[in-house]
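Here is a short tour of one chain, from its overall build down to a few residues. Have a look at the model first, and then read on.

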Amino acid sequence: MPKRDEILVTLGRNVRRQREVKSLTQEKLAELAGLDPTYISGIERGLRNPGIKNVAKLAKALGITTSELCRGVDA
């Protein structure tokens, strides 16, 4: 199994943490962001590399800024 990218793992952790703080399911977050629940799952597990538009959609759906969602994501 290939090693997961730390940037994607950190972003995924941030998404999951914020989703849980807001008491949202992956399905509800997907609905609010206009994305597929399996896509959300892949992001949270650090398997998907979302584009900036989707990161912004997630941040908006979570009621936070894009920079807050990307906290700790360093290249």
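Buried residues (under 20% relative accessible area, with a 1.4 Å probe and protein chains only) make up 40% of the 75 residues in the chain. Do keep in mind that this is a predicted model, where local features need pLDDT of at least 70, side-chain atom pairs count only at pLDDT 80 or more, and totals for chains, interfaces and linings use all residues. Residues are numbered from 1 along each chain as its sequence is written, and side-chain values use heavy atoms, with hydrogens and water left out.

The chain has 5 helices and 0 strands, and its elements run α-α-α-α-α from the N terminus on. Helices here are DSSP runs of H or I with at least four residues, and strands are runs of E with at least two. Along its principal axes, the C-alpha trace spans about 30 × 25 × 20 Å.

Two residues make a nice pair to look up, with exposed meaning over 50% relative accessible area and partly exposed lying between the 20% and 50% limits.

| Residue | Place | Relative accessible area |
|---|---|---|
| Arg4 | segment before helix 1 (6–21) | 41%, partly exposed |
| Ser23 | loop between helix 1 and helix 2 (26–33) | 67%, exposed |

Ser23 also has a phi near 55 degrees, a positive value in a residue other than glycine. Arg4, for its part, joins Arg13, Arg17 and Arg45 in a positive surface patch. Such a patch takes residues with over 30% relative accessible area and no salt bridge, with like charges joined within 9 Å; a salt bridge is a side-chain nitrogen of Lys or Arg within 4 Å of a carboxyl oxygen of Asp or Glu.

Methods: Patches are made of residues with over 30% relative accessible area and no salt bridge: like charges are joined within 9 Å, nonpolar side chains (Val, Leu, Ile, Met, Phe, Trp, Tyr) within 5 Å. Accessible areas come from the Shrake-Rupley method with a 1.4 Å probe; for residues, only the protein chains shown count as cover. Lys and Arg count as positive and Asp and Glu as negative; His and the chain ends are not counted. The place of a charge is taken as NZ of Lys, CZ of Arg, CG of Asp or CD of Glu.
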